[in-house]
Amino acid sequence: MTMNRILAIAREEIRLRLRSRLALYTLLIFAVLLTATSIATALRMSEEHRERSEQQALAEETFLSQPDRHPHRMVHYGHYVFRASPPLAMIDPCVDAVTGQSMFLEGHRQNTAMFADARASADLGGFEGLTAALVYQLFVPLLLIALGHGLIIREREENTLAPLLAQGVTGIELYAGKWIALAGVALVLLLPLALVSAAAVAAGGSMPASAGIIGLYALYLLVWCGLILLVSALVRLRAPSLGVLVLLWLGTALIVPRMAVESASAVLPIPGKLTTDLRMQEELREVGDGHNAAAPQYRQLRANLLAQYEVERVEDLPVNFRGVVAESAEADLTEVMNKHAEERMALEARQARFAETFGWLSPVVAVAAGSRALSGTDLATHHRFLREAEEVRFDFVQGLNRVHVEQLAYSVDMNRSIDAESERRTRMSAENWNVLDEFSFRPAAAGERLARAGAPLAMLFAWFGLLTAGGVHAARKMRP
Amino acid sequence: MPVLSAQALSVVRSRQQVLKDVSFSIPQGEVHALLGGNGAGKSTTLLTFLGFLAPASGSVHVQGRDVHENLAAARRAIAYLPESATLYGHLSAYENLRYFLSLAGTDTDRDELDAALDRVALQPEARGMRMQTYSKGMRQKVAIALAILRDTPILLLDEPTSGLDPVAIDEFNRLARDLAEAGRTILLVTHDVYGACHVADRIDLLQSGVLVGAFDRPPGMDRIDTEAVHAAFAKHAAA
């Protein structure tokens with residue numbers, strides 16, 4: 001009987017919505033907005049994905065098609081790597097829009113990622129920021145508030161609560177029926193998200209991560225349903241109920257996320273790039289200049305090599321000493337640069353985790369964190385791109401340095417500036433440029449992404465549990 | 001055993017004592033009216049029988065069982081007609097009745113619905129229309145029909161004739177008498193002296209939460225003495 005009553009109440013609520021043209025039209029408008037936003041984002045991401053893949057192939061082809069050169073010239077010629085957005089970025093591009101998706105790789109330097117896509121911004125007059133994720137995080141709760149703030153209050157105002165309860169309906173049954181009706185609307189609103197997720201899967205996205213995103217947003221919207229219904233049960237008039245819910249929306253959707261970012265910056269400040277670059281330059285100076293084999297930093301290296309090969313002069317070494325210096329300097333420089341990069345990334349990650357803890361105060365913060373983790377567009381993914389790009393950089397630079405060490409004689413190398421013929425003799429075969437590995441950045445495995453979304457999911461479950469407990473308490477005390 | 005009884009009932013609402021030491025009992029098949037002015041505590045008495053309000057002291061019993069210890073059983077036994085019942089405007093009379101009856105676990109077919117609506121004299125052509133187009137009296141008739149269709153042994157009616165025209169009031173009075181004769185027990189609250197005298201077997205006069213008088217229908221008479229009740233009502237209202 002209990003379940004029959006609950007379902008009857010839910011059915012009646014849905015019938016009311018279907019008969020109310022205003023509610024129906026509002027739902028339709030939101031459905032169109034969601035679908036249009038999702039399709040626009042999906043098309044943009046698909047185009048960007050195709051473009052970056054083409055750029056990556058072109059960059060590799062350009063590098064490999066370089067003519068015979070001195071290997072160190074190829075180190076400075078450099079190479080580009082591109083990060084194609086994961087398919088689920090259709091839903092939540094998140095940091096991809098601001099961090100940049102391409103990087104120039106060259107010897108002795110770690111460049112920052114560049115070319116965040118600004119073209120779409122110009123095309124769409126700023127509306128490119130309206131992603132499916134944002135619509136679900138910010139605007140769908142507003143729609144649910146509009147539809148649900150009076151769910152229980154209406155029964156009081158229209159004098160139908162007493163007849164309902166007098167039929168033997170308990171407060172819990174009434175509350176559950178209303179909850180199911182509102183949750184039903186919320187789940188219908190997830191259909192566009194499901195369609196985009198399916199498109200992402202068709203484009204090679206992870207099925208478990210896509211399912212995770214749908215589950216995450218379903219849980220998030222159910223949290224809002226719980227909050228809306230709880231306020232509707234506790235407040236006795238519609239206007240104050242709407243006011244309270246709009247204030248809660250403002251707090252959780254705008255104020256707390258802002259607080260999270262500001263607090264993270266204040267509690268865990270990250271030194272500016274100029275400061276860290278200057279500090280790193282000081283350390284790099286101590287490492288020495290790999291172009292100058294006579295620099296004092298390489299005396300010990302020279303002594304070790306002479307001893308190892310039991311010769312008196314670097315000219316007698318079976319390897320090119322200049323190449324060995326370049327190789328050694330690159331390793332030392334990279335160690336210093338990686339140390340600073342890792343420190344910076346660790347700070348950024350700590351800031352992100354700190355900001356994420358505000359999800360205990362706002363479900364919007366929690367869902368945003370979970371969404372970008374599952375979409376593969378979070379800070380951790382960007383950091384992995386930086387690390388993988390650095391690995392590519394280091395490997396190809398050291399590969400070229402190895403060519404320098406093993407294939408170019410020291411004496412030829414030293415005399416490269418005498419005349420054109422001497423310079424020509426230092427050119428190595430272009431076949432050596434095959435040291436470049438094909439770069440293809442892939443999103444983390446679904447399991448890893450789900451694990452990263454674990455904390456936000458736990459926060460949303462806590463919100464859901466708390467609101468359900470509050471709802472049960474309010475429902476038990478429900479009186480006409 | 002009385003079907004409904006209040007024993008030394010006191011109720012406090014919003015820190016104000018609304019009922020003070022009220023006691024009465026109603027046997028099966030009786031129409032019992034609580035008569036009083038605004039704020040006398042009439043509706044509060046009904047809400048206490050339904051378990052929506054808890055007594056500060058004393059108790060209320062339905063079919064011999066304390067309401068607050070057997071809430072579900074009490075509500076199963078009672079059909080309640082609230083004051084100014086609107087039901088759902090977006091539903092027709094048929095849809096409203098089916099919905100509320102389904103919540104009460106009562107299955108009814110169209111013929112039973114029509115029979116109940118016939119008894120309250122709701123025009124057949126209005127029954128399929130949404131109730132937002134109904135007059136107050138028409139809505140009240142549907143609410144009364146709902147109370148009848150619940151087929152419970154007890155009816156609690158809060159100002160049941162409010163909004164009804166004189167003809168409909170007479171029809172309601174006849175209906176209430178028929179139901180009582182069929183064994184249903186009716187407790188109605190009203191401030192309509194004339195109506196109460198015509199329909200009730202007994203009238204308790206309630207003033208500021210205190211029972212200040214009781215009037216029984218004399219044997220063989222078709223109504224309680226209206227003038228006596230009116231005089232008592234006026235005297236206590238002026239006091």
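**View 1. The open sheet of chain B has 6 strands.** Welcome to this predicted model. Following the sheet across, the strands come in the order β6-β7-β8-β3-β9-β10, and their pairing is mixed. At the edges are β6 (78-81) and β10 (210-216) of chain B, each with a pairing partner on one side only. On average, neighbouring strands here are turned by 15° against each other, direction ignored.

**View 2. Strands β3 and β8 of chain B pair in the parallel sense.** Here you can follow β3 (residues 31-35) alongside β8 (residues 185-190), joined over 5 bridges. One position to look for is B:Leu35, which stands opposite B:Thr190 in β8(B). As a general reminder, strands of a sheet pair through backbone hydrogen bonds, either parallel or antiparallel.

**View 3. Helices α1 and α5 of chain B meet the sheet.** Helix α1 (residues 42-49) lies across β3, β6, β7 (154-158), β8 and β9 (202-207) of chain B, and runs at about 145° to β8(B). Helix α5 (residues 136-149) of chain B also packs on the sheet, where it touches β6 and β7. The direction of α5 makes about 175° with that of β6(B).

**View 4. Stepping back, chain B has 8 helices and 10 strands.** The C-alpha trace of chain B spans about 50 × 40 × 35 Å along its principal axes. Its radius of gyration is 17 Å, which agrees with the value near 18 Å for a compact globule of 239 residues. Of those 239 residues, 56% are buried. Among contacts in chain B with a separation of 6 or more, 66% come from residues 24 or more positions apart. The accessible surface of chain B comes to about 10,000 Å², and carbon and sulfur atoms account for 48% of that surface.

Key
Residues are numbered from 1 along each chain as its sequence is written. Chains are lettered from A and ligands numbered from 1 in the order in which they are written. This is a predicted model: local features need pLDDT of at least 70, side-chain atom pairs count only at pLDDT 80 or more; totals for chains, interfaces and linings use all residues. Side-chain values use heavy atoms; hydrogens and water are left out. Two strands pair if DSSP finds at least two bridges between them. Helices (H or I, at least four residues) and strands (E, at least two) are DSSP runs, numbered from the N terminus. Axes are lines fitted to C-alpha atoms, for helices over the stretch in contact, and angles run from 0 to 180 degrees between N-to-C directions. Contact means heavy atoms within 4.5 Å. The radius of gyration is taken over C-alpha atoms; the globule rule is 2.2 Å times the number of residues to the power 0.38. Buried means under 20% relative accessible area, exposed over 50%, partly exposed in between (1.4 Å probe, protein chains only). Accessible areas come from the Shrake-Rupley method with a 1.4 Å probe; for residues, only the protein chains shown count as cover.
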